Amino acid sequence: MDYLVRFVQMHESFRKAEIQAMADLYGINLEFLHYSQYSPHCIIRLPDEDAARMIIGRSILSKAIYELWGSGSTYTELHQDVKHRTSHLWHLYKPSSFKFEIQAYQAKRSIAEQDAIIQSFRYTGFEGPIQLNDPEQTFTIFEECEWGLKEPTKVYL
């Protein structure tokens, strides 16, 4: 399974080594699919969710780890990738309470912009109640922007 790691913005040159050390400590097979010390996001491949929990549980340079549902350079590419990777999973989450949230790096989105982005994922067909506090499922959209640009250069779900 592929995962997105959200790093803290410190000790950038040591973040990859820390994740690798955690994998080595637990004997977990880890593959780096995308890493840049200039990005707060890293894409890794792990055998399962338990491995992801073990690695993130000991990390001090990572904020969180998320199951990667898709990525792209644009929202069009992201939507195509989400449909390709996860359409077979949507029925599992259809009745669950849920929320979407957006985390933008080096950018800011208005409430109206955030709402439009969230609405663009209607095709998933989730029917459960939208619950902002303590939902069963949280879907986080990550945007990575270059300084001063309005549109993201990379988006993830």
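Where is the place of Phe 98? It sits in strand E6, and we'll come back to it in the last view. Keep in mind that everything shown here is a predicted model.

**View 1. Four strands line up in an open sheet.** Read across the sheet and you get the order E2-E3-E1-E4, with antiparallel pairing. Strand E2 (31-34) and strand E4 (62-67) are the edge strands, so to speak the outer lanes: each pairs on one side only. Going from one strand to the next, the twist averages 30 degrees. Zoom in on strand E1 (residues 2-7) and you'll find five bridges tying it to E4 in the antiparallel sense. Look for Leu 4, too: it stands opposite Tyr 66 in E4.

**View 2. Helix H2 packs on the sheet.** This helix covers residues 49-58 and touches E1 and E4. Compare its direction with that of E4 and you get an angle of about 175 degrees.

**View 3. Helix H1 has its buried residues on the same side.** H1 runs over residues 15-26, twelve in total. At 1.5 Å a residue it should span 16 Å, and its end C-alpha atoms are 17 Å apart, which agrees. Which residues of H1 are buried? They are Arg 15, Glu 18, Ile 19, Met 22 and Ala 23. These cover an arc of only 135 degrees around the axis, which puts them on the same side of H1. It helps to know that an α-helix has 3.6 residues a turn, so residues three or four places apart point the same way. The buried residues of H1 pack against E1, E2, H2 and E4. Just after H1 comes Gly 27, with a positive phi near 65 degrees.

**View 4. The largest nonpolar core holds 17 residues.** Trp 69, Phe 100, Phe 121, Phe 126, Phe 139, Ile 141 and Leu 157 touch the most other members. Helix H3 (75-86), helix H4 (90-93), strand E6 (98-105) and strand E7 (137-144) each chip in at least two residues. Apart from this core lies another one, of 15 residues, including Val 5, Met 22, Ile 28 and Ile 55.

**View 5. Back to Phe 98, in strand E6.** Is Phe 98 buried or exposed? Its relative accessibility is 10%, and the cut-off for buried is under 20%, so Phe 98 counts as buried. Leaving out residues up to four places away in sequence, Phe 98 touches Phe 126, Gly 128, Pro 129, Ile 130, Gln 131, Pro 135, Gln 137 and Phe 139. Check out Glu 136 as well: it is 38 residues from Phe 98 in sequence, yet 5.8 Å away in space, C-alpha to C-alpha.

Notes: Residues are numbered from 1 along each chain as its sequence is written. This is a predicted model: local features need pLDDT of at least 70, side-chain atom pairs count only at pLDDT 80 or more; totals for chains, interfaces and linings use all residues. Side-chain values use heavy atoms; hydrogens and water are left out. Two strands pair if DSSP finds at least two bridges between them. Axes are lines fitted to C-alpha atoms, for helices over the stretch in contact, and angles run from 0 to 180 degrees between N-to-C directions. Contact means heavy atoms within 4.5 Å. The expected span of a helix is 1.5 Å times one less than its number of residues. Buried means under 20% relative accessible area, exposed over 50%, partly exposed in between (1.4 Å probe, protein chains only). The arc is that of the directions from the helix axis to the C-beta atoms. A nonpolar core is a set of buried Ala, Val, Leu, Ile, Met, Phe, Trp, Tyr and Cys residues joined through side-chain atoms within 4.5 Å.
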